[in-house]
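Trainee: Could you walk me through this one slowly, with the terms explained as we go?
Mentor: Gladly; let us look at it together and begin with the vocabulary.

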Amino acid sequence: MEHKRKCISCGEIKNREEMIKITKDYIDGNIIIQPNSKRFGRSVYLCYNKNCINIAFKKNKINKILKTNKNIDKELLLGITQPTK
Ligand SMILES: [Zn+2]
């Protein structure tokens with residue numbers, strides 16, 4: 001079964017590997033961008049799309065959904081490109 005995820009900015013539903021994952025680690029509360037499979041916690045997904053990233057930051061969506069005050073590195077997110085298959 002494919003794992004579908006929803007972008008928090010545009011609401012589009014895509015396959016997991018077509019999205020950027022941002023997780024708040026459930027142990028230490030650190031924000032991890034594209035965590036490996038050993039990190040668990042509340043997560044949000046964004047398209048590999050500058051527009052979706054910008055909307056998420058403008059509305060402070062990532063911090064709100066993850067319930068964190070930690071700074072999330074927007075430049076890092078903007079620099080991520082979708083891995084090619
Ligand atoms: Zn999107």
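Mentor: Two strands pair if DSSP finds at least two bridges between them. Helices (H or I, at least four residues) and strands (E, at least two) are themselves DSSP runs, numbered from the N terminus. With those terms, E3 and E4 pair in the antiparallel sense over 3 bridges.

Trainee: Before we go on, what kind of model is this, and how are residues numbered?
Mentor: This is a predicted model, in which local features need pLDDT of at least 70 and side-chain atom pairs count only at pLDDT 80 or more, while totals for chains, interfaces and linings use all residues. Residues are numbered from 1 along each chain as its sequence is written.

Trainee: OK, so how many helices and strands does the chain have?
Mentor: The chain has 3 helices and 5 strands, and from the N terminus on they run β-β-β-β-β-α-α-α.

Trainee: Back to the pairing, then: what is the strand order in the open sheet?
Mentor: The open sheet has 3 strands in the order E4-E3-E5, paired antiparallel. Its edge strands are E4 (31–33) and E5, each of which pairs on one side only. Neighbouring strands are turned by 20° against each other on average, direction ignored, where the axes are lines fitted to C-alpha atoms, for helices over the stretch in contact, and angles run from 0 to 180 degrees between N-to-C directions.

Trainee: Which residues sit opposite each other?
Mentor: E3 and E5 pair over 7 bridges, again in the antiparallel sense; Met19 has Cys47 in E5 as its bridge partner, and Ile20 has Leu46 in E5. Towards E4, Lys24 stands opposite Ile31. The hairpin of E3 and E4 has 5 residues between the strands, and there Gly29 takes a positive phi near 75°.

Trainee: Is E3 mostly covered or mostly open?
Mentor: E3 is mostly covered, with 5 of its 7 residues buried. A residue is buried if 20 or more other C-beta atoms lie within 10 Å of its own, exposed if 12 or fewer, and partly exposed in between, with C-beta atoms placed from the backbone. Over the whole chain, 22% of the 85 residues count as buried.

Trainee: And what makes up the largest nonpolar core?
Mentor: A nonpolar core is a set of buried Ala, Val, Leu, Ile, Met, Phe, Trp, Tyr and Cys residues joined through C-beta atoms within 7 Å. The largest one here has 15 residues, and those with the most contacts inside it are Cys7, Val44, Tyr45 and Leu46. Strand E3 (19–25), strand E5 (41–47), helix H1 (50–58) and helix H2 (61–66) each give two or more residues to this core, and the largest share, 4 residues, comes from E5.

Trainee: Why does Tyr45 count as buried?
Mentor: Tyr45 counts as buried because it has 21 C-beta neighbours inside 10 Å. Tyr45 lies in strand E5, and although 38 residues separate Tyr45 from Cys7 in sequence, they are 5.1 Å apart in space, C-alpha to C-alpha. Two residues are in contact if their C-beta atoms, placed from the backbone, lie within 7 Å. Leaving aside neighbours within four places in sequence, the contacts of Cys7 include Met19, Tyr45 and Cys52.

Trainee: Switching to helices, which residues of H1 are buried?
Mentor: Cys52, Ile53 and Ala56 are buried in H1. Seen down the helix axis, the buried residues of H1 fall within an arc of 100°, so they line one face; the arc is that of the directions from the helix axis to the C-beta atoms. They pack against E5, H2 and H3, whereas Lys50, Asn51 and Lys58, on the other side of H1, are exposed.

Trainee: What comes after H1?
Mentor: H1 is followed by Asn60, whose phi is positive, near 60°, and Asn60 lies in the loop between H1 and H2. Most residues other than glycine have a negative phi. Asn60 counts as exposed, because it has 10 C-beta neighbours inside 10 Å.

Trainee: And what is the phi of Lys67?
Mentor: Lys67 also has a positive phi, near 50°, and its place is the loop between H2 and helix H3 (74–79). Lys67 is exposed, with 9 other C-beta atoms within 10 Å.
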